[in-house]
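Trainee: Could you take me through one helix pair in close detail? I'd like to know how the two helices sit against each other and what makes up the contact.

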Amino acid sequence: MESNNDEPRRLDGRTVSGLQQALREQAIRAMNRGGRSHHGRGGGRHRGRPPGLRGREIGMFYRQRAMEREQQEELESFVLLQPEIIVKVQKMLSEYDSASTSTFRSEFENYFKSIRSTSFEQNMKEKLLESCVEQDDRLDEKMMIEYDEMMDNLKFQENMITREKLPVNTKKEEILNAIASNQVVLISGDTGCGKTTQVPQYVLDSYLSSGKASLCKIFCTQPRRISAITVAERVAWERAQHLGESVGYQIRLQSVLPHERGSITYCTTGILLKRLESDPLLNGISHIFLDEVHERDVNTDVVMGLLKEIISHRPDLKVILMSATFNTSTFSAYFNNCTNIEVQGTLFPVTEFYLEDVLEETKFANFPEEVQRKRPKWEKYRNKYKQSDSLDDYTSFIEPYARSVQDKYSKFVIEGIKNPNSEKINVDLLTALIFHISFNKPAGAILVFLPGYEAISKLHTSITNSKFYSAEKFKVYALHSMMPTADQKSVFSRPPENVRKVIISTNIAETSITIDDVVYVINSGKSKMTNYNPETKLQTLEEVWTTLANNKQRRGRAGRVQPGICYHLFTRAREFTMDALPTPEILRTRLESVILNLKMLRIHDVAQFLRKLVSVPDDSVVQTSIALLKRLNALDEREFITPLGLHLARLPIDPQIGKMILLAALFKCVDPITSVAANLSFKDPFYRPLGKEKLVDDIRVKFSKDTKSDHLMAANVITEYREEKRKGNERSFCYDNFLSISTLNQLEKMKGQFTDLLMEARFLESSDPTDPKNNYNSSNLDLLRSIISAGLYPNVAKVRRVKICKRRVDPRMDIITPEDGRVSFHPSSINSKQTGFEYKFFAYFMKQKSTAIYLFDTTMINPRALLIFGDGEGAGFDQLGNHFILLGDSFRFRTNRVSAEVILKLREKFDELLQKKAINPGPVDPESEDALLLGAITEVLNAGRFSGHPDYSSDEGNVM
Ligand code: ADP
Ligand code: MG
């Protein structure tokens, strides 16, 4: 492969004697350490050994030098462009240069410049002079008349009877007084007591009735999209109005706005953050309700931090925090010990049962046997970051507990809870319990808490397929943020007598949605949580045990109208191991998106701002995120946001994946790349049933169709699924291939969301991912892989050597990354099953460290793509006058002068084009000079692939 390695190299200006001295010291250091040095490019610069080494030192010196040389070689490659390609591309580039104009769309230019040049503080001060809402007497008069009419409305009066019964009503005057005399008030109360629906109305009505409604504009934030809509609908209904009169909602991509003044807008916290970008003082808003602050989602924490700064500039702005009844002192302390009004709920007693009681009562004993198979080693590592391993739990506390209660329960129950599978989500047990309640217990709705969509959909199917089920006797609802909102209204209404209502929900029904007639709660004890491990730089969405606070909320949902029952599907022993409170999201997430959002708010010193939040994220996480944003070109060297960063900030996904879909729009390969992006941001559609892993892996290889890419394999799955769905075949297709229909449907939905956003940002003309206009290049495999690598960059690995074992690539084959040294393809990656590769470079998304480091999902990439889409210090000569290009600060490509020039020019122009497109968004016009540049890039990429000339494909070409 590489040649000339015996030749001395000289990359820096150190003198030979200085170098000799350094090498000697290094050799001695290495000897003392007995390990290898990591100065990749440092060694091997002189043929002879330094004078003065003696005995063992000499041996150590040569060993050390050989290792360093090897390491250096590993990171070095060749790239040469064919002369005819160079001529062609140079011509295209010069045409591009002469035609290229880089016009800022003027309104964008001003906006962009002001984002970089002003601070949040300055921006607030400027806006201070701008506007101050004046009372409008005529408007007040008109609204007062409307208010009187509403009060006379029979429907309104009828609704009022129910409203007045809510616990919060007893505190109405106290709350209004507190808000009038304090800038910040905290209202805490049990879920369902009426905070969200009533308190904003109290405030609005007090303005309406006193004829000052033109001064009242209320915003109430919700952590979830779906609750913003349901709550707004409910409140409009209570007021006997339609949405869009005095009540409305606003969520991303969807809104029904109310009247400008004298109104309540329920919005997501994200919408409020967006508004703060252009309206940092929240001019015109009189009251901000921050609802569900106890949930501690990132946006709410950030908004609290911002409001703390805003209120000193807006003494007339009222901030009302609303929270469930735990941990309230944290919030009041954060706002300078603000007034806290506690609303006492009128909760009925709820009896609690645990798994052991449920088994006894339902006689359920049908747990899958724990398969005592020999687990491959890697599988153990896979679970390493999961909360706990069920086997360990079993020995540490389940077994002792089972022993301690063996006299109180039947033998099959004790055997049941001893089975390590018994606390896992078990659809059969859930179904059995639901029918048990339905046929044996008094009337009342059943609310089941499950971690996510997949479990919800399985249980839904299991119930409706059961022989005990009939559509006349049961009404089964699923509540999940991905469900269409239209289906959700009737979930609140009481079913006719003799019809059992069953609601299967995520934790959304824990606090933000209240269904009154629930008497039975089934708590699986699980919820989904994102987690970030700063060490592995990995973010995961995991199923975790709920906390005691969650359990309390869930239990409480059973006692709304009468005494209720809560069935926990975990043992009493498990409860002792549960955490008291959930960890705030900001402490368990990557921060790239948060940082970009703060930059959009003109907060330049994000680290300093984050230190002022209720919970302060680790500084190393902040710094890692800033570094990544710089490499993505979302921030410049001085950490200012770039035009590209500005667009990435607007996409609701990781900036890395955001960059990938922006490129897909520019390069017109939207369908496959949005599939990849959805897959990476959501999850893999494959099931991996125990004992069937090999089969699933083979199916994945089949879907990969020689793309050498786990990511494109997932895109192929979505395409084929769509095809099968058209034929009405999707069920058997999914069954045969271990695919989850619900995941695939959601992936399709997400793709639609991405294209909506790209269209909104003017990067696409059509929001249909499959529109041919968006997909001119969707079958250009090399381009697709290049775009994937551009998005995943700088996650790059290189194959050093390939080992073949039983005609397959050894999964522990020799691959390296600059940061980790040796890594391996995870056995589930389709690339671990290949026998040959055209290129040696791979992009990856997920990496996990155990005794070895595994790359979970990989895409083979043309190194030319890396050179064009990557970053690095540039190019130069080594001592022999050989040209090289750097990729990042680690991979070196030897090349010749013209190739280096062309490649670096393409890299530079492409960065320019991205920023230019960001400044002036729009699809690339095929007739334009931009298309010329993209054409030149495609030309270079393709030439790398098809070159048969040994000189030009020596290193990029066949590994084997
Ligand atoms: P909190 O915010 O304190 O949890 P809410 O204001 O959300 O309470 O709800 C108060 C009451 O209003 C609930 O107990 C429930 O009875 C009723 N309610 C709220 N939303 C709806 C809805 N969409 N449909 C029917 N009833 C609702
Ligand atoms: Mg609420």
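Mentor: Sure, let's go with α6 and α9, which are oblique to each other. Keep in mind that this is a predicted model. The reasoning goes like this: the two axes cross at roughly 120°, and an angle over 145 would count as roughly antiparallel while 65 to 115 would be roughly perpendicular, so this pair ends up as oblique. Helix α6 covers residues 137–152 and α9 covers residues 195–209, and their axes come within 9 Å. As for the hand, the crossing of α6 and α9 is left-handed. On the α6 side, the contact is made by Met143, Met144, Tyr147 and Met150. Helix α9 brings Asp205, Leu208 and Ser209 to it. Sort those residues by class and you get five nonpolar, one polar and one charged.

While you have the model open, have a look at two backbone spots in loops. Alanine 240, in the loop between α10 (225–238) and β4 (247–251), has a positive phi of about 55° even though it is not a glycine. Further along, the peptide bond from tyrosine 793 to proline 794 is cis, with omega near 5°. That proline 794 is in the loop that runs between α33 (781–792) and β18 (796–801).

As for internal space, there are seven cavities of 30 Å³ or more, and the largest holds about 60 Å³. Its lining includes Ser422, Glu423, Lys424 and Leu569, and by class the lining residues come out as four nonpolar, three polar and two charged.

Key: Residues numbered from 1 in each chain as written. Chains lettered and ligands numbered in written order. Predicted model: local features only at pLDDT ≥ 70, side-chain atom pairs only at ≥ 80, totals over all residues. Heavy atoms only, no water. 1 Å grid on protein atoms, 1.4 Å probe; cavity = no way out; pocket = protein on both sides within 12 Å on 5 of 7 lines; lining within 4 Å. Points joined across faces, edges and corners; volume = space filled by probe spheres on them. Nonpolar A, V, L, I, M, F, W, Y, C, P; charged D, E, K, R; others polar. Axes fitted to C-alpha atoms, helices over the stretch in contact; angles between N-to-C directions. Helix = DSSP H or I, 4+ residues; strand = E, 2+ residues; numbered from the N terminus. Parallel < 35°, antiparallel > 145°, perpendicular 65-115°, else oblique. Left-handed = near helix turned anticlockwise from the far one by under 90°. Contact = heavy atoms within 4.5 Å.
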